[in-house]
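Student: I would like a close look at one part of this model, taken slowly and with the geometry spelled out. Please choose a pocket and follow its lining out to whatever those residues touch.

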Amino acid sequence: MHEREQWAASEIVERAVSAAALLNEDAVLPAFVAGLGSAPRGRQTVISYGWARFLSTAPREEDGVPDCGLKPVSEVDVIKVLLRLVLGWAWNEMPERYLPDLEAAAAEGLPRPEEDDRERLRALLGLIRSAPAGMRPSELEKEVARAKIVPGTDKYQRYGILIGLAEIGVLPSPALPPMWDRFITTAERHTASRRLRGAPRSDITVPLAGWRGGVDEQRVSWLLDT
């Protein structure tokens with residue numbers, strides 16, 4: 001703990017592309033479902049993998065790195081990142097932290113869901129379907145907390161789960177496409193965030209910040225079938 005590794009952006013991209021090549025939807029999506037209960041570690045990888053899966057073909061900037069949110073040089077406490085994964089933390093910011101997740105998943109494999117995890121997913125999706133049109137993500141998080149669908153989570157862990165659903169397109173957002181579908185530049189992400197009306201909370205990121213109710217039923221079926 002507290003020993004930081006220093007990585008150049010180009011190294012992070014190269015290693016992330018290599019790790020992502022060893023993963024696929026058949027491993028990453030079931031891990032997210034397992035992350036709802038039996039294996040919290042599975043929550044983050046849908047976000048990390050979504051970010052990395054298009055890096056190899058993404059347009060390069062003058063520095064040779066895609067516009068993917070990386071600083072020229074990043075310092076990462078790898079042990080701390082891995083510990084946070086085990087505790088179920090997930091978020092779609094600070095992509096330098098995606099690399100330990102991807103490399104661990106590629107090296108060690110990802111969890112598979114139990115039936116209780118699938119039941120939690122169905123309950124969560126049912127709650128989201130019943131949400132009134134116009135509901136904001138902050139209100140949805142409170143409903144998820146009240147329903148006690150995902151035990152042992154705090155507010156930000158629940159946001160992490162909802163961010164994962166938004167980044168695979170289960171929670172549709174007119175503000176920004178999910179990064180599961182294509183490469184999303186950092187400039188595009190920032191523009192989408194600025195365009196959102198109603199002064200969105202700074203601790204809720206796009207695309208989730210743009211969700212206003214409903215689910216994409218085609219993607220729901222796709223996730224339930226994993």
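Tutor: This is a predicted model, and a good place to begin is the second largest pocket, where helix H4 (residues 78-86) supplies the largest share of the lining, namely three residues. The volume of this pocket is about 240 Å³, and its lining is made up of Gln-44, Val-81, Arg-84, Leu-85, Trp-89, Ala-90, Trp-91, Glu-93, Met-94, Arg-97, Tyr-98 and Tyr-156. Sorted by class, eight of the lining residues are nonpolar, three are charged and one is polar.

Two of these lining residues, Met-94 and Tyr-98, deserve separate attention. Met-94 sits in the loop between H4 and H5, and its phi is near 55°, a positive value in a residue that is not glycine. As background, most residues other than glycine have a negative phi.

Tyr-98, for its part, leads from the pocket lining to a helix contact, since it is among the residues through which H5 meets H3. The axes of helix H3 (residues 45-52) and helix H5 (residues 98-108) come within 9 Å and cross at roughly 100°; angles of 65 to 115 degrees count as roughly perpendicular, and H3 and H5 are therefore roughly perpendicular to each other. On the H3 side the contact is made by Thr-45, Ile-47, Ser-48, Tyr-49, Trp-51 and Ala-52, while H5 contributes Tyr-98, Asp-101, Leu-102 and Ala-105. Seven residues of this contact are nonpolar, two are polar and one is charged.

Within that contact, the side chains of Trp-51 and Tyr-98 can be described further. Six aromatic pairs are counted in the model, and Trp-51 with Tyr-98 is an edge-to-face pair, with 5.3 Å from centre to centre and 70° between the planes. Trp-51 belongs to helix H3 and Tyr-98 to helix H5, so the pair ties together parts that lie 47 residues apart in sequence. Tyr-98 thus has a place in the pocket lining, in the contact of H3 with H5 and in an aromatic pair.

Conventions. Residues numbered from 1 in each chain as written. Predicted model: local features only at pLDDT ≥ 70, side-chain atom pairs only at ≥ 80, totals over all residues. Heavy atoms only, no water. Axes fitted to C-alpha atoms, helices over the stretch in contact; angles between N-to-C directions. Helix = DSSP H or I, 4+ residues; strand = E, 2+ residues; numbered from the N terminus. Parallel < 35°, antiparallel > 145°, perpendicular 65-115°, else oblique. Contact = heavy atoms within 4.5 Å. Nonpolar A, V, L, I, M, F, W, Y, C, P; charged D, E, K, R; others polar. 1 Å grid on protein atoms, 1.4 Å probe; cavity = no way out; pocket = protein on both sides within 12 Å on 5 of 7 lines; lining within 4 Å. Points joined across faces, edges and corners; volume = space filled by probe spheres on them. Phe/Tyr/Trp six-rings, centres within 6.5 Å; stacked < 30°, edge-to-face > 60°.
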